[in-house]
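User: Please take me through this model in short questions and answers.
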Amino acid sequence: MAKIKIKQVKSAIGATAAQRKVLVALGIKKMQQVVEKEENPAILGMIAKVQHLVSVEK
């Protein structure tokens, strides 16, 4: 599986509690932080829930 880079580009202040939990589960703690994860269905599903808060690079 390929690696993908996930970067938080928008604040989670206005996000729901569930969306904030997804960011924590992805390992993102701060704005502009980049994490590298394996591309799998679970991670892609989490990204889909917070797609308006993050940017993704393959």
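User: Is glycine 27 buried or exposed, or partly exposed?
Analyst: This is a predicted model, where local features need pLDDT of at least 70, side-chain atom pairs count only at pLDDT 80 or more, and totals for chains, interfaces and linings use all residues. Residues are numbered from 1 along each chain as its sequence is written, and side-chain values use heavy atoms, with hydrogens and water left out. Buried means under 20% relative accessible area and exposed over 50%, with partly exposed in between (1.4 Å probe, protein chains only). Glycine 27 has 27% relative accessibility, so the class is partly exposed.

User: Which residues does glycine 27 contact, leaving aside neighbours within four places in sequence?
Analyst: Glycine 27 sits in the loop between α1 (17-26) and β2 (34-38); helices (H or I, at least four residues) and strands (E, at least two) are DSSP runs, numbered from the N terminus. Contact means heavy atoms within 4.5 Å. Beyond those sequence neighbours, the partners of glycine 27 are Gln33 and Val35.

User: Which element gives the most to the largest nonpolar core?
Analyst: Such a core is a set of buried Ala, Val, Leu, Ile, Met, Phe, Trp, Tyr and Cys residues joined through side-chain atoms within 4.5 Å. The largest one has 14 residues, and Leu23 and Leu26 are among those with the most contacts inside it. β1 (3-8), α1 and α2 each supply at least two residues. The top contributor, with 3 residues, is α1.
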